[in-house]
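Q: Hey, I'm new to this one. Can you walk me through a piece of it?
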Amino acid sequence: MGKLDNNKKAKEDSLLATAYKLFTTNGVSKTSVSDIAKSAGVAKGTFYLYFKDKYDLKNKLVAHQSSKLFKSALESLEAEKKDMTFNEKMIYVIDHILDQLSGNPPMVAFIAKNLSWGVFKHAVTSPTKGDDMDLRAIYDAILADAPDGIEEPEIMLFMIVELVSSACHSAILYGEPVSLEKLKPYVYRSVNDIINHHTGVNS
């Protein structure tokens, strides 16, 4: 990577980091492109060299932060070097991600509020940058590891993503209806049920 490329990456990284701080502090609706550019120390026109608008940046930031969570969880899973079933691997990854989120309420509020299946699918089909984990590779690896004859795998993943994000949002931020640790067994039981339904176990 040449000096020009390094400079471009530094500006993009600065915009991402600045936007994340402003979005998690003030909210997306109360943060303008001018706010982001000024805080990042770049001209407003420079912002548009990297992003269409603040919502494009927001979506990329959600994908970027989610990628970091998945990367850490999968590295931890690989380090375990244990024989696990498909269900056990899925729950291990979910548990690791929830543990990361439980120590970072601003990230929980930001991701849970802005993550949608559309954003997730866009991240899956978009090329990765820098140290981001390739979410397409994660998606393919999860399904490749699933039992043969899995029914509607995309619906299965959609249901799991929606269940975990919605059920754990209030538990992490407000301890409602119970603490995250108390809620986890019920969430994982439901995740098992979803996977078993789509893989033909106990059907």
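A: Sure. This is a predicted model. Let's begin with helix α10: its buried residues are Leu-180, Leu-183, Lys-184, Val-187, Tyr-188, Val-191, Ile-194, Ile-195, Asn-196, His-198 and Thr-199.

Q: What covers those buried residues of α10?
A: The cover includes α5 and α9, the latter being residues 153-174.

Q: How do the axes of α5 and α10 cross?
A: α5 is residues 86-102, and its axis comes within 10 Å of the α10 axis, crossing at roughly 145°. The crossing is right-handed. On the α5 side, the contact includes Phe-86, Met-90, Ile-94 and Leu-98, while α10 brings residues including Leu-180, Tyr-188, Val-191 and Ile-195.

Q: How many residues of that contact are nonpolar, polar or charged?
A: Nine are nonpolar, four are polar and four are charged.

Q: Switching topic: is Thr-199 buried or exposed?
A: Thr-199 is buried, because its relative accessibility is 13% and the cut-off for buried is under 20%.

Q: And where does the side chain of Thr-199 reach?
A: To the backbone oxygen of Ile-195, at 2.7 Å. Leaving out residues up to four places away in sequence, Thr-199 also touches Pro-147 and Ile-150.

Q: What span should α10 have, going by its residues?
A: α10 has 20 residues at 1.5 Å each, so it should span 28 Å; the end C-alpha atoms are 27 Å apart, which agrees.

Q: Last one: what follows α10?
A: Gly-200 does, and its phi is positive, near 80°.

Methods. Residues numbered from 1 in each chain as written. Predicted model: local features only at pLDDT ≥ 70, side-chain atom pairs only at ≥ 80, totals over all residues. Heavy atoms only, no water. Buried < 20%, exposed > 50% of the residue type's maximum accessible area, 1.4 Å probe, protein only. Polar contact = N/O pair within 3.5 Å; in protein donor to acceptor, adjacent residues only side chain to side chain. Contact = heavy atoms within 4.5 Å. Axes fitted to C-alpha atoms, helices over the stretch in contact; angles between N-to-C directions. Helix = DSSP H or I, 4+ residues; strand = E, 2+ residues; numbered from the N terminus. Left-handed = near helix turned anticlockwise from the far one by under 90°. Nonpolar A, V, L, I, M, F, W, Y, C, P; charged D, E, K, R; others polar. Expected span 1.5 Å × (residues − 1).
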